Amino acid sequence: MKFPSVSETVFELSSAQGPDHGLHLFRKVPHFRVLVCGGDGTVGWVLDAIDKQNYDSPPPVAILPAGTGNDLARVLSWGGGLGAVERLGGLWSILEQVEHSAVTILDRWKITIEESESKHIQPPRFMNNYLGVGCDAKVALEIHNLREENPEKFYNQFLNKVLYAREGAKFIMDRTFADFPWQIRLEVDGADVEVPEDAEGVLVANISSYMGGVDLWQNEDDENDDNFDSQSMHDKILEVVSISGTWHLGKLQIGLSRAKRLAQGKSMKIHLLAPLPVQVDGEPWSQKPCTLSISHHGQAFMLKRVSEEPLGHAAAIITDVLENAESNRIITASQKRTLLQEMALRLS
């Protein structure tokens, strides 16, 4: 078997060449790992491509955080930006940590969009982090349009965040979404969920980081006296919260407020009764009236940077043991996958 050489293991992603080329070259290489250098959108692009390869044992994915929010990188302990690379010892140190990191599981969700008037069903989208409808998606859409018109302004992470803050500030006194609670209808596991009258946006979260590190669900907050369960990125359950405008978003970012918990569930439908901005993992668009249906798509293997805690080292050691067992044909790829999933659940 001829394996790709070292010089062929770095692939630049562009509109001309996506991740499929590199993944196809490695289709017969056992136990390889993928390091995605980019933001949440790039990670989603790679995970979609891995899905299409139909690997018996899909490669786990680590992240070098080169985007703006880097929310998935944050929850996997790779840091919130390129500055974290230096703090973690530089690129060579990162590569070594990727080799010795622990495999964990990430739920992935399918979003189908059925337009209300035409009943046309759009091609499905896939979500790893979160989906937003309303004021937060409006800010993301304004930034997206600005980037399309002036790409030269978006040349580093810090300035990107400044531009996000500036665009968000424009809408602080704007009551564009004052009618929001009457423009959507929310269903969770088949039951209607009331949207608060002060809501100007709804967020569906899969992970515990939003908008560059905001914890919307706040598992460890003692002030949450409701009956909801803790959030997990591999329990096949989503969390829904509401926000009451861009001013509320700003307060969330600096820890002066909390999102309002609305529901948890395995499947969701959001009925848009008016045109509204929507965003999935930071990718926004303007959506006509429709029904957004969210269902569990599958699970991806991700790599979490090992901390100094014993559980982190244990997970990395177990990962190595299972890969060796598969190489020696003691267990099958399917059995290894099942055991890795069980390990991730038990050590989370």
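**Entry 1: Ser232.** I looked up whether Ser232 is buried or exposed in this predicted model. Its relative accessible area is 18%; because buried means under 20%, I recorded Ser232 as buried. I then located Ser232 in the loop between strand S8 (201–205) and strand S9 (238–243). Which residues does Ser232 touch, not counting residues up to four places away in sequence? I found Asn206 and Ile237. I also noted a polar contact of 3.2 Å, which joins the side chains of Ser232 and His234.

**Entry 2: Helix H2.** I checked the length of helix H2, which covers residues 40–53. At 1.5 Å a residue, the 14 residues of H2 should span 20 Å. The end C-alpha atoms of H2 are 20 Å apart, so the expected and computed spans agree. Next I listed the buried residues of H2: Asp40, Val43, Gly44, Val46, Leu47, Ala49 and Ile50. For the reading of such a list I kept one general point in mind: an α-helix has 3.6 residues a turn, so residues three or four places apart point the same way. Just after H2, I noted that Asn54 takes a positive phi of about 55 degrees.

**Entry 3: Trp92.** I turned to Trp92, which lies in helix H5 (residues 91–99). Is Trp92 buried or exposed? Its relative accessible area is 72%; since exposed means over 50%, I entered Trp92 as exposed. Which residues make the nonpolar surface patch of about 370 Å²? I identified Leu91, Trp92 and Leu95.

Key
Residues are numbered from 1 along each chain as its sequence is written. This is a predicted model: local features need pLDDT of at least 70, side-chain atom pairs count only at pLDDT 80 or more; totals for chains, interfaces and linings use all residues. Side-chain values use heavy atoms; hydrogens and water are left out. Patches are made of residues with over 30% relative accessible area and no salt bridge: like charges are joined within 9 Å, nonpolar side chains (Val, Leu, Ile, Met, Phe, Trp, Tyr) within 5 Å. Accessible areas come from the Shrake-Rupley method with a 1.4 Å probe; for residues, only the protein chains shown count as cover. A salt bridge is a side-chain nitrogen of Lys or Arg within 4 Å of a carboxyl oxygen of Asp or Glu. Helices (H or I, at least four residues) and strands (E, at least two) are DSSP runs, numbered from the N terminus. Buried means under 20% relative accessible area, exposed over 50%, partly exposed in between (1.4 Å probe, protein chains only). The expected span of a helix is 1.5 Å times one less than its number of residues. A polar contact is a pair of N or O atoms within 3.5 Å; within protein, one must be able to donate a hydrogen and the other to accept it, and residues adjacent in sequence count only if both atoms are side-chain atoms. Contact means heavy atoms within 4.5 Å.
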